[in-house]
Amino acid sequence: MKRILALVLALFPAAALADGSLGVRAGTLGFGVELSYPITQRFGLRYNADAYKYSKTFNQDNIDYDGKATLKTASLLADFYPFANGFRLSVGPVYNGNKLGLTGKPAANGSIIINGVPYQATLDGEVDFKKYVPYAGIGYGRPIGTGLSLTFDLGVVFQGTPKATLTGTCSPPGPGPCDTFQSDLKAQEASLNDAIKDFRYYPVVSLGLAYTF
């Protein structure tokens, strides 16, 4: 029993244990909260939740889109402190609720060019990502002691290749000008997916303020 107790104390030294910290942060994932707890001098656990919404207009293949981005993530990270100070290496799973809603803006004459063909039509879309993805990064912040401290993170969410889906309605429906609308819509969707394929890596930069109890 004494040997087991000695091993436990060696793995979880009392000097390293501390109460957790609660913080707020802001960065490329939006605004969020952070709960951190040290296990040993070189290891800790951290939970983050971030969210934000913003709108942006952009052009792709001669189509002007109104984009509405929803950022929503939650992560459970393992923090490693190789030098037993504030510098940390972090890895862990992320729930990725990020998505982008799209609305095609017609030209002055009311038409939208889809796959190089002008149509009197509506155009909507959505870009989704994998829901559960890994994160890896470095940072600074250590919930040992008491009071306020700065936190910083620099890393990458490996969110996978995004998938765009486009939907639309051509007017008037039926034979005539709308004959090739659906095939052109699929070709435009493929072009959009090719254009966004490099966004499978989402950069994370955040700065925060934490209070250790």
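I'll start with a small space: the second largest cavity holds about 40 Å³. This is a predicted model, so take the side chains accordingly. Lining that cavity are Ser21, Glu34, Ser36, Arg88, Gly141, Arg142, Pro143, Ser149, Thr151, Ala210 and Thr212. Three elements give two or more residues to this lining: β2 (30–40), β11 and β13. By class, the second largest cavity has six polar residues, three charged and two nonpolar.

Now the other enclosed spaces. How many cavities of 30 Å³ or more are there? The count is three. The largest cavity has about 90 Å³ of space. It is lined by 14 residues, and those closest to its centre are Arg25, Leu29, Asn48, Ser75 and Tyr135. At least two lining residues come from each of β3, β4 and β11 (147–158), and β4 has the largest share, with four. The class split for the largest cavity is seven nonpolar, four charged and three polar.

Next, the open space. The largest pocket comes to about 630 Å³. Of its 25 lining residues, Tyr54, Ala69, Leu100, Phe129 and Phe199 are the closest to the centre. The elements with two or more residues in the pocket lining are β3 (43–60), β4 (63–80), β6 (99–105), α2 (181–196) and β13 (201–212). Which element gives the most to this lining? That is β3, with five residues. The pocket lining divides into 16 nonpolar, six polar and three charged residues.

For those setting up a topology, the disulfide count is one. The pair is Cys170 and Cys178, with the sulfur atoms 2.0 Å apart. The link between Cys170 and Cys178 is left-handed, at -75 degrees about the S-S bond. Are the two cysteines buried or exposed? Cys170 has a relative accessible area of 7% and Cys178 has 10%. The cut-off for buried is under 20%, so Cys170 counts as buried, and so does Cys178.

Last, the chain as a whole. There are two helices and 13 strands. Of the 213 residues, 38% count as buried. The accessible surface is about 12000 Å², and carbon and sulfur atoms account for 66% of that surface. As for contacts, take those between residues at least 6 apart in sequence: 66% of them join residues at least 24 apart.

That is what I have on the cavities, the pocket, the disulfide and the chain.

Methods: Residues are numbered from 1 along each chain as its sequence is written. This is a predicted model: local features need pLDDT of at least 70, side-chain atom pairs count only at pLDDT 80 or more; totals for chains, interfaces and linings use all residues. Side-chain values use heavy atoms; hydrogens and water are left out. Buried means under 20% relative accessible area, exposed over 50%, partly exposed in between (1.4 Å probe, protein chains only). Contact means heavy atoms within 4.5 Å. Accessible areas come from the Shrake-Rupley method with a 1.4 Å probe; for residues, only the protein chains shown count as cover. On a 1 Å grid over the protein atoms alone, a cavity is a set of points where a 1.4 Å probe fits but cannot get out, and a pocket is an open set with protein on both sides within 12 Å along at least five of seven lines; lining residues have an atom within 4 Å of a point. Grid points are joined across faces, edges and corners, and a volume is the space filled by probe spheres set on the points. Ala, Val, Leu, Ile, Met, Phe, Trp, Tyr, Cys and Pro count as nonpolar, Asp, Glu, Lys and Arg as charged, and the others, Gly among them, as polar. A disulfide is a pair of cysteine sulfur atoms within 2.5 Å.
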